[in-house]
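Hi everyone, thanks for coming. I'd like to walk you through one structure this morning, a few helices and a few backbone oddities at a time. Have a look at it first, and then we'll start.

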Amino acid sequence: MTVDVWDTLLRRRCHPDEIKLFTARCLWLRLGARLRAEMDSPWRLFRLRQSGEDELARRSRAAGFDDEYCVEDVLEAWLAAAVAEPLGAAESARLRAELLEAEIAQECAMAYADEDVGAVLAAQRGHPPVVLSDFYLGAVHLGRVLAHARPGLRPRALVVSCDERVNKRSGRLFEHVYRRFGVAPSAHVHVGDDPHSDVAVPRRLGARAVRYRARQADRRRAQFGRMFARRAETAAPCVRTLLAELAAAPPPPDLPDGDPATLFRFGRRFALLFYAFVLYCVERALRCGAERVYYFAREGVFLRELHERIRSAAPLGVPVPPSEVLEVSRLATFLPSLRELSPAELMRVWNLYSTQSMAALCEALGIDPPRCAACCARHGIAPDEPISRPWQDARVLALLADPALRQQWDAARRESHRLLLAYLAERGIAPGHGHVFIVDIGWRGTIQDNLAYLLPDVSIEGAYFALKKLLNEQPPNVQKHVFGPDENRGDPDAALTIHHVPPLEMLMNCAGGSVRGYAQGPDGVVAVRQADPGEDAVFAKYTRHFQRGVLDAADAISSHVQAHALTAQELRPHAIGLLHEIVCRPPRELARAYFSLRHDERFGAGRRLEPRRPFPYGLAVGGLFSRRRRGELVRALDETGWPQGFLCHHGLRPLCLIYNRALRWRRRAELGA
């Protein structure tokens, strides 16, 4: 008796070609920029592999065999065709071995034993079967998969088409079996699922064939087929299956009813947004060869947890680099990054805040305003006086030239410079380091700029959730990549989704406060944080339950990412859809959390902003019927920090539609201008 392997003895948790797509993603991540320019996605590499397999099959037929090829030949031809510059013999051999091992491991991970075929085999009452397969992994490799998924099976032999260069489809593999084992076709029974290769062909040769069918498993295979048929266009079917799975999971029993359980469910519901961003960062880090990924505090604490969940689940087939939280902030890095105390250098903050008091400037520099009060008084400046275009104000220019102030600020700058360099060196980032990969939520990448000025001979590559318009000149040693909306590309998503960013910061926030600077501790330099009890209370009451839901969903998402060889780019449209929902049509519970929070804006504005305010009901009603009043409504809502959340918080969710439309019109007019 002979028995088929795939869809008879074994089943897969994915479409068969998604195994090859998985290996293509491994190659895409491993070689990055060393691939040919047009090989810019796993799908391009997958199609290239298919073309190579077709050519190997053609050559095999021309040599008098069937259209068979082995995986080793496929990988050698594929790798040679994919790279921009030829690889050395040793590197090529090592990479082929890694890709082969990744493909076999993925087959093992996706394979499982068919539940019902055992009864069919037992009914034949024959000797131990010969396992027979048309496959490009030879018997040595396929045997590993078979032993992993059906460890109790003890076949008489394993015969694979690529080893013999003939297959079941032509009938020549059956004839090989007859010669090898000395049996006549009339003494042969074959069990398999394919109506041609496993039934029609052996019957034509005179053998008895039993077609194996398992309705439930066959329906699942057909579903995988339909999903894969659309994969080149969209991953939507895969993602819909995943989102349904995430929505169906109940909250853990230790969570009390009410806000904690509700926010946990919201976390699972929106988890794909945050997971896709971190996956994007991981892919970028792998493709540029980063040895470590540094996540910027404060949002980086949560994002790093997701990174480590992905690293532990290992869904990519290549090792994910380790990660670390870098305790930095605009406030803690600006003063040490200044090359001099001049109006030209201070434009890096004034480009962001064109109206600023000298007290707020002191806050941005991490210097106590009272220390500068006497100098301000000498030049006729009240410390809290808002000054428009301070770089053009004669009093400010005279203040910056004041020797007493310069001496004070220079001393503070030198000390902060020394401490920050020491802090970074203790975490593996030092002058001459070469390349550093960082991750930040956004919004203009100024912390990365500060570090780049501090370390001019270090290339700093950054991945961002989203970016607003970059207002400062970019240092030459900086690269910035964006997963989500990017105003620098005229991204239409940006008008709505990152017009107000504090709600997104809240969802990715951590307790403990912002980094204010650095101090020498007994075991090295440590970051000095300034906690806010109200902010920490919001985290404890709301945010941590939302983040727990996101993290709880990570393993399920990783399982789908592995099975279907998904990339961050394929997940992005669905992630952006979730971003629109969470910002533009938010759940009321999230809005309530935000409007119990104060937002820290001391770097530029020198104060904390209070989002609580009464709702302008009269203006809202007028905005329904008057375009002029609608403009007033939009401006009033903008001052809340999160207009859509403000509306939902007050039970006026339908008005979000009016606000979103008005904001789109305004954005369209700005672009037209």
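Let's begin with a glycine: Gly 289 sits just after helix H13 and takes a positive phi of about 75°. Before I go further, please keep in mind that this is a predicted model.

Now to the helix that comes before that glycine. H13 runs over residues 271-287, which is 17 residues, and from its first C-alpha to its last it reaches 24 Å, close to the 24 Å expected at 1.5 Å a residue. Is H13 mostly buried or exposed? Of its 17 residues, 15 are buried, so H13 is largely enclosed by the rest of the structure.

Helix H2 makes a good companion story. It has 21 residues, which at 1.5 Å a residue should span 30 Å, and its end C-alpha atoms are indeed 30 Å apart. There is a glycine here too: just after H2, Gly 64 has a positive phi of about 95°.

Which residues of H2 are buried? They are Pro 42, Trp 43, Leu 45, Phe 46, Leu 48, Arg 49, Glu 53, Leu 56, Ala 57 and Ser 60. As for their partners, these buried residues pack against helix H1 (17-31), H3, helix H4 (89-110), helix H10 (215-229) and helix H25 (568-584).

Let me zoom in on one of those partners, H3. Helix H2 (residues 42-62) and helix H3 (residues 71-82) have axes 9 Å apart and pack at an angle of about 125°. That angle makes H2 oblique to H3, and H2 passes H3 in a right-handed crossing. From the H2 side, Leu 45, Leu 48, Arg 49, Glu 53 and Leu 56 take part, and they meet Val 71, Asp 73, Val 74, Leu 75, Trp 78, Ala 81 and Ala 82 in H3. Sorted by type, the residues of this contact are nine nonpolar, no polar and three charged. You may recognise Arg 49 and Glu 53, which were also on the list of buried H2 residues.

Next, let's go to helix H24, where I have two contacts to show you. The first is with H12. Helix H12 (residues 259-269) and helix H24 (residues 533-563) have their axes 7 Å apart and pack at about 40°. So H12 is oblique to H24, and H12 passes H24 in a right-handed crossing. H12 brings Asp 259, Pro 260, Leu 263, Phe 264, Phe 266, Gly 267 and Arg 268 to the contact, where they meet a set of H24 residues including Tyr 542, His 545, Phe 546, Arg 548 and Asp 552. The residues of this contact divide into eight nonpolar, three polar and five charged.

The second contact is with H14. The axes of H14 and H24 come within 9 Å and cross at roughly 25°. That makes H14 roughly parallel to H24, and H14 passes H24 in a right-handed crossing. The H14 residues in the contact are Phe 302, Glu 305, Leu 306, Arg 309, Ile 310 and Ala 313, and H24 adds Gln 547, Val 550, Leu 551, Asp 552, Ala 554, Asp 555 and Ser 558. By type, that gives seven nonpolar, two polar and four charged.

While we're at H14, let's look at the loops on either side. Arg 298 is in the loop between strand E8 (293-296) and helix H14 (299-313), and the peptide bond from Ala 297 to Arg 298 is cis, with omega near 15°. In the loop between H14 and strand E9 (323-326) we find Ala 314. Ala 314 is not a glycine, yet it has a positive phi of about 50°. Ala 314 is also partly exposed, with a relative accessible area of 40%.

Where else does the backbone do something similar? Arg 165, another residue other than glycine, has a positive phi near 65°. Arg 165 is in the loop between helix H7 (161-164) and helix H8 (172-181) and is partly exposed, at 34% relative accessible area. There is also a cis peptide bond from Gly 442 to Trp 443, with omega near 15°. Trp 443 is in the loop between strand E12 (435-440) and helix H21 (446-454).

One last residue before coffee: Thr 497, in helix H22 (residues 494-497). Thr 497 is buried, with a relative accessible area of 0%. Leaving aside residues up to four places away in sequence, Thr 497 touches Pro 485, Leu 504, Leu 579, His 580 and Val 583.

Thanks for listening!

Definitions and conventions:
Residues numbered from 1 in each chain as written. Predicted model: local features only at pLDDT ≥ 70, side-chain atom pairs only at ≥ 80, totals over all residues. Heavy atoms only, no water. Axes fitted to C-alpha atoms, helices over the stretch in contact; angles between N-to-C directions. Helix = DSSP H or I, 4+ residues; strand = E, 2+ residues; numbered from the N terminus. Parallel < 35°, antiparallel > 145°, perpendicular 65-115°, else oblique. Left-handed = near helix turned anticlockwise from the far one by under 90°. Contact = heavy atoms within 4.5 Å. Nonpolar A, V, L, I, M, F, W, Y, C, P; charged D, E, K, R; others polar. Buried < 20%, exposed > 50% of the residue type's maximum accessible area, 1.4 Å probe, protein only. Expected span 1.5 Å × (residues − 1).
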